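Subject: Model for your files

Hello,

Please find the structure below, with the sequence. Notes on what was found in it follow.

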Amino acid sequence: MRLALFQPDIPQNTGTLLRLGACLDLPIDIIEPCGFIFNEKSMKRAGMDYIEKANYKRHNSWADFLKYREENPNEYGRLVLLTTKASIPYTEFEFKENDIILMGRESAGVPESVHQIVDSRLIIPMNANARSINVAVSAVMVIGEALKQTNLFPKI
């Protein structure tokens, strides 16, 4: 299982998710361009010293990510987009071990062209008056369910 961040805008969220990846042995793909300069300084506060322990790959573009995914079919399975434009709750979805949980930009989600090629689109059920949940919090919720279903949490 993997987590992919599509053109993240906020370094604190990216750092938090890299820390999550380090703690859960979860590889992370960062699909550029980012809305910030991706360097040690921008990641330091949220990711702390976990960044050096994180298993992450940076891709120069969406096209580069798709090409890399195609070239590595054993590591990269279905693209599962978390979006407010979905009707399937993540709690009713059956995750697989090599799924890629794709998170959109904090400011704009993902473009329609990405929506069209993903394998599944999932939503977090929430109050109808709310717009969205923070991307890092959303990722944690869904990754927790996915790892539970697939029994991929690190062994204690």
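The buried residues of helix α5 are Val135, Ala136, Ser138, Ala139, Val142, Ile143, Glu145, Ala146, Leu147 and Thr150. Bear in mind that this is a predicted model. The cover over those buried residues includes β1, α1, β4 and β6. The helix α5 itself has 16 residues, and from its first C-alpha to its last it reaches 22 Å, close to the 22 Å expected at 1.5 Å a residue.

On the core: in soluble globular proteins, nonpolar side chains tend to be buried together. Here the largest nonpolar core has 32 residues, and Leu3, Phe95, Ile101 and Met103 are those with the most contacts inside it. At least two residues of this core come from each of β1 (2-6), α1 (11-24), β2 (28-31), β4 (79-82), β6 (100-103) and α5 (135-150). The largest share, 7 residues, is supplied by α5. There is also a second, separate core of 13 residues, with Leu81, Ile100, Leu102 and Val118 among them.

Which residues does Ile101 touch, leaving out those up to four places away in sequence? They are Met1, Arg2, Leu3, Ala4, Val80, Phe95, Val142 and Ile143. Of these, Val142 and Ile143 are among the buried residues of α5, while Leu3 and Phe95 are, with Ile101, among the residues that have the most contacts inside the largest core.

Next, the enclosed space. A search of the whole structure for cavities of 30 Å³ or more finds 1. The volume of the largest cavity is about 40 Å³. Its lining consists of Leu5, Phe6, Pro8, Asn13, Thr14, Leu17, Met103, Gly104, Glu106 and Val135. Two or more of these lining residues come from each of β1 and α1, and α1 gives the largest share, 3 residues. By class, the cavity lining has 6 nonpolar, 3 polar and 1 charged residues. Met103 is in this lining and is also one of the residues with the most contacts inside the largest core. Val135, another lining residue, is one of the buried residues of α5.

Last, the open space. The largest pocket holds about 540 Å³. It is lined by 25 residues, of which Thr83, Thr84, Arg105, Gly109 and Ser132 are the closest to its centre. The elements that give two or more residues to this pocket lining are β4 and α5. The pocket lining divides into 11 nonpolar, 10 polar and 4 charged residues.

Regards

Conventions:
Residues numbered from 1 in each chain as written. Predicted model: local features only at pLDDT ≥ 70, side-chain atom pairs only at ≥ 80, totals over all residues. Heavy atoms only, no water. 1 Å grid on protein atoms, 1.4 Å probe; cavity = no way out; pocket = protein on both sides within 12 Å on 5 of 7 lines; lining within 4 Å. Points joined across faces, edges and corners; volume = space filled by probe spheres on them. Helix = DSSP H or I, 4+ residues; strand = E, 2+ residues; numbered from the N terminus. Nonpolar A, V, L, I, M, F, W, Y, C, P; charged D, E, K, R; others polar. Core = buried A, V, L, I, M, F, W, Y, C linked by side-chain atoms within 4.5 Å. Buried < 20%, exposed > 50% of the residue type's maximum accessible area, 1.4 Å probe, protein only. Contact = heavy atoms within 4.5 Å. Expected span 1.5 Å × (residues − 1).
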